[in-house]
Amino acid sequence: MSAAEATEPSLGDRVRQEVDRLLQRGVKGFAYLRSDAPDVGLSPKDSIYSRGTLSLYHYRPTTHDVYRVPVLLVMSLVSKPYILDLAPGQSLIEFLVSRGHDVYMIDWGEPRPEDSGLRLEDYVLDFIPDCVERVRADSGEPDVSIVGYCMGGMLSLMYAALHPNGPLANLACFTTPFNFDGMGLMKRWSDPKHFDVDRIVDTLGNVPPELLVRSFEMMRPVSRIAQQIRLWDNMWSDEFVRSYRVFDRWANDQIAFPGECFRQTTKELQWANKLYKGELTLAGRRVDVKRIEVPFVHVMAEHDHIVPYAAARELVDAVGSKDAQSIVLKGGHVSLVAGPNAVRRMWPALDLWLAERAT
Amino acid sequence: MAERTAQRGWDPLQALRELLDRGERSLNEVLAERSAGDRRNELRSLLSRIMLDAQRINWRIWGRVFETVNLPTRTDVIRIGKTLVQIEQLLTQLENAQRERASGAERERPTTQAQVATDRPRPARTRRPPSARAAEEAR
């Protein structure tokens, strides 16, 4: 008898296992339907500054010493920040704090109707610099590392390009779009021939989160049903269900896109690709990513359907940093920061990259 | 994978799971591709125009109703919200100015550790990167 045959379960065992799982699916399925939404964003934190809907948080250190340079996380405008702090053991923030980083985070909050006039200028030239100053004041350190996720990476990139003389120490971007010609479906859906961005913004003000959620779903129209089938199939596994629920909660919990910023992003980035061409100007200042000379890392996902690899890959060569590198991981837009591959590969790589540049 | 399956013998449930993965991938590709065609885009544009116009008319009608019964309309609420934002910004500016005055000679360097709130844990900022620690240990 070979080793493989010895370890493989017999047909009878497999049938028994499936029957057992079938029973558990029924029992746990009822519990699933009755239980509340999972708690997320549980890492202990203090709000150290708020302004309008913006909140700046400081995560409580858990080590007896921390690296000198604090880390500021900049979230995307349209996603809730708890993707970086989903659940204990599934939280990038918890991981970074446990590895001795002093972590702060900008949570943009949900824009109110009166915030519909916010533009990229407000974020890049006002909110981020303001928060950087608050972090410097709170930490007592003159420089700050920034980690930006998705659109937060893009805002951080613009901030870094327009503040080349500091106080930025290091810049890490996750799945940050740069060449919008590579945006695939998103680019084709927003074709100026058909997509009337002015009508949307002028009528609605902020772009409602439902529109964003449906757009993301339309990129993978069958996935919703397939995920439901997978959930039923794995209902016996508490670990699978827990993970599914936090991801599902986050995916359906998007926030509105401030109207003017959406208009600007669509016209100047999506249509005219001005960031890539070096033609984007904010308050009369040209955003030239070549001016970024601080250590830079760009983490991308090979199968990202929201920010495809083609839209992100050229960024590392475009910045002026001598210390620039990219990390490409298998997986998608979300699993990049919170999936098993992120836990195994991305988090340790980011920790090491930051640690070596944080003294 | 196929080898392993062959070794284990045919597992119909595993085959169904693999079929689901493959089917999902192919269907997503086909449907997403079709959704980006010119005719689909045109249709989506037409539908969104109709919905947005209906929304606008709806708000206008309700606005008139609220005006008639002397209640604030959506535009009034947004206007009040904008005024509140301006007040918030003014307060932030005042706060910043006060902070700058207070910092005085320390302006070159932001607030020191001693000045910041002490109710939160403040570990020493002396942690060394793994490479430096390894080098120290080697010595």
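This passage walks through a predicted model, starting with one strand of chain A and ending with chain B.

Confidence comes first. Chain A has a mean pLDDT of 89, and 98% of its residues reach 70 or more. Within chain A, the low point is helix 1 (residues 3-7), with a mean of 54, while the high point is strand 3, at 97.

Strand 3 of chain A, which covers residues 71-74, is a good place to begin. In a regular strand, side chains take turns pointing to one face of the sheet and then the other. Here, A:V71 and A:L73 sit on one side, with A:L72 and A:V74 on the other, and all of these are buried, so both faces of the strand are covered.

What does strand 3 of chain A pair with? One partner is strand 4 (residues 103-107) of chain A; the two run parallel and are joined by four bridges. Another is strand 5 (residues 144-149) of chain A, again in the parallel sense and over four bridges. A:L72 takes part in both pairings: it stands opposite A:Y104 in strand 4 of chain A, and its bridge partner in strand 5 of chain A is A:I146. Strand 3 also belongs to a right-handed β-α-β unit, together with helix 3 (residues 92-98) and strand 4 of chain A.

A:L72 has further neighbors as well. Leaving out residues up to four places away in sequence, A:L72 touches A:Y104, A:I106, A:C131, A:V132, A:V135, A:V144, A:S145 and A:I146. In soluble globular proteins, nonpolar side chains tend to be buried together. In this model, the largest nonpolar core holds 102 residues, and A:L72, A:L73, A:M158 and A:V337 have the most contacts inside it. Helix 5 (residues 151-162) of chain A supplies the largest share of this core, with nine residues.

Now for chain B. Its secondary structure is five helices and zero strands, so to speak an α-α-α-α-α run from the N terminus on. Of its 139 residues, 2% count as buried.

Where the two chains meet, the contact takes 50 residues from chain A and 43 from chain B. On the chain B side, the elements giving two or more residues are helix 1 (2-8), helix 2 (12-35), helix 3 (38-68), helix 4 (74-103) and helix 5 (130-138). Helix 2 of chain B gives the most, with nine residues. Sorted by class, the side of chain B that touches chain A has 16 nonpolar, 13 polar and 14 charged residues.

Technical notes. Residues are numbered from 1 along each chain as its sequence is written. Chains are lettered from A and ligands numbered from 1 in the order in which they are written. This is a predicted model: local features need pLDDT of at least 70, side-chain atom pairs count only at pLDDT 80 or more; totals for chains, interfaces and linings use all residues. A residue is buried if 20 or more other C-beta atoms lie within 10 Å of its own, exposed if 12 or fewer, and partly exposed in between; C-beta atoms are placed from the backbone. Two strands pair if DSSP finds at least two bridges between them. A crossover is right-handed if, with the strands pointing away from the viewer, the path from the first strand over the helix to the second runs clockwise. Two residues are in contact if their C-beta atoms, placed from the backbone, lie within 7 Å. Ala, Val, Leu, Ile, Met, Phe, Trp, Tyr, Cys and Pro count as nonpolar, Asp, Glu, Lys and Arg as charged, and the others, Gly among them, as polar. A nonpolar core is a set of buried Ala, Val, Leu, Ile, Met, Phe, Trp, Tyr and Cys residues joined through C-beta atoms within 7 Å. pLDDT is the predictor's confidence in each residue, from 0 to 100.
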